[in-house]
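User: Please take a close look at one part of this model, the packing of its helices. How are packed helices described, and what does that description give here?

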Amino acid sequence: MAFDVRRVRAAYPALADGYAYLDGAAGTQVPAAVIGAIRGAYEGGLGNAGGAFPASANADAITVCCREAVADLVGGDPAGVVLGPNMTTLTYRIAAALAATWRSADEVIVSRLDHDANVRPWVQAAGRAGAVVRWAEIDPVTGELPAAQYSGLIGDRTRLVAVTAASNAIGTRPDIPAITTMARAAGAFSYIDGVHATPHGPVDIRALGADFYATSAYKWSGPHVGAVIADPALLASLRPDKLVPSPDTVPERFELGTPAFADFAGVTAAVEHLAALDDAAAGSRRERVLASMAAAEAHEQRLFAFLLGGLDAMGHVTTYGKAAARTATAYFNVAGRTPRQVAEHLASRKINVWNGHNYAWELTGALGIRESGSAVRAGLVHYNDESDVTRLLDAVAELA
Ligand SMILES: Cc1ncc(COP(=O)(O)O)c(C=O)c1O
């Protein structure tokens with residue numbers, strides 16, 4: 001393993017501005033290669049898809065490459081990669097298509113751990129179909145989402161289990177294979193929100209048992225593009241609303257309107273960047289992605305132990321979540337200050353963090369902190385280094 005954070009950081013022009021970017025969970029910075037790929041797509045001549053001239057062929061080729069890259073990132077089939085503007089839009093789209101097959105008294109399971117983008121589309125679709133919504137609860141002390149509860153939630157009428165592979169607020173990584181195994185045994189589909197999980201380690205959607213896996217490239221060094229990955233045969237079984245003349249093939253059937261072709265080129269460059277995070281990674285792009293993301297995860301987790309240890313040692317700080325498996329995402333409050341005041345103080349020390357519920361609406365409600373402004377989130381990604389963490393700890397210590 002050869003993870004060199006200085007080399008990684010040098011790839012990101014924005015990191016030269018002197019700020020500690022601990023806001024990666026809300027969107028990462030992008031490396032020069034991604035910016036170059038997007039620029040290159042425009043400079044190379046870019047038409048709409050499906051035409052008889054070279055600039056149109058460029059758009060077609062960029063789209064094919066993008067599907068292959070996303071498939072390599074998560075271990076999927078390029079023919080099952082649906083591309084779109086972001087995860088939320090795609091999830092509403094898939095929810096509408098799936099809900100068209102639901103009947104009254106069918107059941108849908110969502111969780112209190114999830115970002116609202118993997119809750120509300122299902123709750124609203126269930127409401128329209130007359131389906132029943134059942135809730136998986138968190139343990140408010142540990143922040144775990146115990147998988148065992150799903151055996152009592154999943155039954156003959158369950159049509160869908162929507163659950164996150166990692167919490168965007170407290171980092172909890174639920175036991176997804178255990179949950180999807182139960183769902184599949186009951187004949188229900190699983191919709192796994194991989195938006196927060198994908199940047200923090202290797203992903204294998206087959207090992208997860210995910211029927212649908214959603215991710216967003218802007219969380220892993222790419223542009224603002226979302227993707228849902230599924231078995232092409234499953235996608236072919238669904239009939240989303242679409243325009244009559246638009247392609248009825250899969251995955252195009254799920255893609256509305258003209259997409260951001262140039263950004264797709266940036267997505268491919270982002271996957272190439274991730275595949276090269278570990279200098280020593282070798283083999284196919286999929287193999288290099290797996291090795292590099294494992295190296296990045298080890299780097300993040302080393303720094304996270306330092307970050308959490310520092311926060312937990314401060315008497316004026318309360319941290320939330322202590323799941324056994326979690327991403328390098330800290331969520332905390334400082335006594336006597338609102339989360340916004342803390343974020344403003346940190347900004348004055350050139351540290352970027354988020355304050356608030358971060359759309360973890362049910363979770364912050366379950367933790368009892370939503371009404372008071374929730375908490376401050378400091379999240380690590382592969383380009384963060386020890387000086388980012390030291391700066392955060394020093395600035396939080398000033399608030400004692
Ligand atoms: C865990 C998680 N799920 C879903 C979303 C929504 O993603 P998008 O912005 O691509 O719609 C986010 C965004 O922050 C997220 O963190």
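Analyst: The account below follows one helix, its two partners and the loop that leads into one of them.

The model is predicted, so local features need pLDDT of at least 70 and side-chain atom pairs count only at pLDDT 80 or more, while totals for chains, interfaces and linings use all residues. Residues are numbered from 1 along each chain as its sequence is written, and side-chain values use heavy atoms, with hydrogens and water left out.

Two packed helices are described by the angle between their axes and the distance between the axes. Helix α11 covers residues 285–312 and packs against helix α10, residues 261–275; helices here are DSSP runs (H or I, at least four residues), numbered from the N terminus, and strands are E runs of at least two. The angle between α10 and α11 is about 60° and their axes are 7 Å apart. Axes are lines fitted to C-alpha atoms, for helices over the stretch in contact, and angles run from 0 to 180 degrees between N-to-C directions. The pair α10 and α11 is therefore oblique (under 35 degrees is roughly parallel, over 145 roughly antiparallel, 65 to 115 roughly perpendicular, and the rest oblique).

On the α10 side, Thr268, Val271, Glu272, Leu274 and Ala275 make the contact (heavy atoms within 4.5 Å). Their counterparts in α11 are Arg285, Arg288, Val289, Ser292 and Met293. By class, this contact of α10 with α11 holds five nonpolar, two polar and three charged residues; Ala, Val, Leu, Ile, Met, Phe, Trp, Tyr, Cys and Pro count as nonpolar, Asp, Glu, Lys and Arg as charged, and the others, Gly among them, as polar.

Helix α11 also packs with helix α14, residues 386–397. Here the axes come within 10 Å and cross at roughly 5°, and α11 and α14 are therefore roughly parallel to each other. From α11, this contact takes Leu303, Phe306, Leu307, Gly310 and Leu311. From α14 come Glu386, Val389, Thr390, Leu392, Leu393 and Val396. The contact of α11 with α14 divides into eight nonpolar, two polar and one charged. Glu386 is the charged residue, and Gly310 and Thr390 count as polar.

The loop into α10 has a backbone feature of its own. Pro251 lies between α9 (232–236) and α10, and the peptide bond that joins Val250 to Pro251 is cis, with omega about 10°.
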